[in-house]
Amino acid sequence: MDIKIVLADDEMIERKAMKKIIDEHFGKSVVIGEAANGRQAIQLAKEKKPDLMLMDIKMPGIDGLEAIETIRKDHPNMKFIMVSAYDSFEYAKRAMKEGVKEYILKPATIKETVEAIIRVYKEIAAERERAEKEQKSREFTKRLFMQKLTEYEVNDEIMEMQK
């Protein structure tokens, strides 16, 4: 699985448990960083540029939702899974507003955690595939344009293609 994950939770035991689950199911190189608070999560997002962050809501200082809001400004395509001991509709509503893909209640089961990560990974993989197809399409269009430029005299059709 080609995915980079950062874990953000103020409880070290929770982070270690989550890392163990991920290491066992997805490989040891998947978790690329751990944050004990929202400020560290924001810093790791900038430095490591993970595909996915598992974020606790309640952390000292900057909470998980505030961290996500800040991170999404610079990394709009980054995905998030909220991990929380709070079964609150208000938290869930705010999380959805911030584009959170999954909401896991602590203590989460291994199955629940793995399935949530797989669902988000599938979304990431589909987005990567779309982006790759778009890039190939742009490259093809550029090659076609260059071919027309070298083979034919410049006319309205070629000028339109350039645009």
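**Exercise 1. Which right-handed unit do β4, α4 and β5 make?**

Solution. Before we start, some ground rules: this is a predicted model, where local features need pLDDT of at least 70, side-chain atom pairs count only at pLDDT 80 or more, and totals for chains, interfaces and linings use all residues. Residues are numbered from 1 along each chain as its sequence is written, and side-chain values use heavy atoms, with hydrogens and water left out.

Step 1: get the elements straight. Helices (H or I, at least four residues) and strands (E, at least two) are DSSP runs, numbered from the N terminus.

Step 2: read off the unit. β4, α4 and β5 form a right-handed β-α-β unit. Right-handed here means that, with the strands pointing away from the viewer, the path from the first strand over the helix to the second runs clockwise.

Step 3: look for other such units. β3, α3 and β4 make a right-handed β-α-β unit.

**Exercise 2. Work out the strand order of the sheet and say which strands stand at its edges.**

Solution. Step 1: decide what counts as pairing. Two strands pair if DSSP finds at least two bridges between them.

Step 2: walk through the pairs. β1 (residues 5-8) and β2 (residues 31-35) run parallel and are joined by four bridges. The chain gets from β1 to β2 through helix α1 (residues 12-26), in a right-handed β-α-β crossover. On to β3 (residues 52-56): this strand pairs with β1 in the parallel sense over four bridges. β3 also pairs with β4, parallel again, over five bridges, and β4 pairs with β5 in the parallel sense over four.

Step 3: put the order together. The result is an open sheet of five strands, β2-β1-β3-β4-β5, with parallel pairing. β2 and β5 are the edge strands with a single partner each, so one side of each has no neighbour in the sheet. From one strand to the next, the twist averages 20 degrees.

Step 4: add a helix. α3 packs on the sheet, where it touches β3 and β4, and its direction makes about 150 degrees with that of β3. For that angle, axes are lines fitted to C-alpha atoms, for helices over the stretch in contact, and angles run from 0 to 180 degrees between N-to-C directions.

**Exercise 3. Trace the residues that stand opposite one another across the sheet, and check which way the side chains point.**

Solution. Step 1: start at Leu7. Leu7 stands opposite Glu34 in β2 and opposite Leu54 in β3.

Step 2: carry on from Leu54. Leu54 stands opposite Ile81 in β4. Elsewhere in the sheet, Val83 has Ile104 of β5 as its bridge partner.

Step 3: sort the directions. In β1, Ile5 and Leu7 point one way and Val6 and Ala8 the other, and all are buried (under 20% relative accessible area; exposed is over 50%, partly exposed in between, with a 1.4 Å probe and protein chains only). From β3, Leu52, Leu54 and Asp56 point one way, with Met53 and Met55 going the other way. In β4, Lys79, Ile81 and Val83 face one way, whereas Phe80, Met82 and Ser84 face the other. Six of the six β4 residues are buried, so this strand is largely enclosed by the rest of the structure.

**Exercise 4. Find the largest nonpolar core and the residues that touch the most other members.**

Solution. Step 1: set the rule. A nonpolar core is a set of buried Ala, Val, Leu, Ile, Met, Phe, Trp, Tyr and Cys residues joined through side-chain atoms within 4.5 Å.

Step 2: apply the rule. The largest core has 22 residues, and Met53, Met55, Ile71, Phe80 and Met82 touch the most other members. Elements giving two or more residues to this core are β1, α2 (38-48), β3, α3 (64-74), β4 (79-84) and α4 (89-97). Another core, of 19 residues, lies apart from it; Leu7, Val83, Ala116 and Val120 are among them.

**Exercise 5. Compare the settings of Lys106 and Glu112.**

Solution. Step 1: place Lys106. Lys106 sits in the loop between β5 (102-105) and α5 (110-151) and is buried, at 14% relative accessible area.

Step 2: list its surroundings. Beyond neighbours within four places in sequence, Lys106 is in contact (heavy atoms within 4.5 Å) with residues including Asp9, Glu11, Glu14 and Asp56. The side chains of Lys106 and Asp9 are joined by a polar contact of 2.8 Å. That term covers a pair of N or O atoms within 3.5 Å; within protein, one must be able to donate a hydrogen and the other to accept it, and residues adjacent in sequence count only if both atoms are side-chain atoms.

Step 3: turn to Glu112. Glu112 lies in helix α5 and counts as partly exposed at 33% relative accessibility. Not counting residues up to four places away in sequence, Glu112 touches Ile104 and Leu105.
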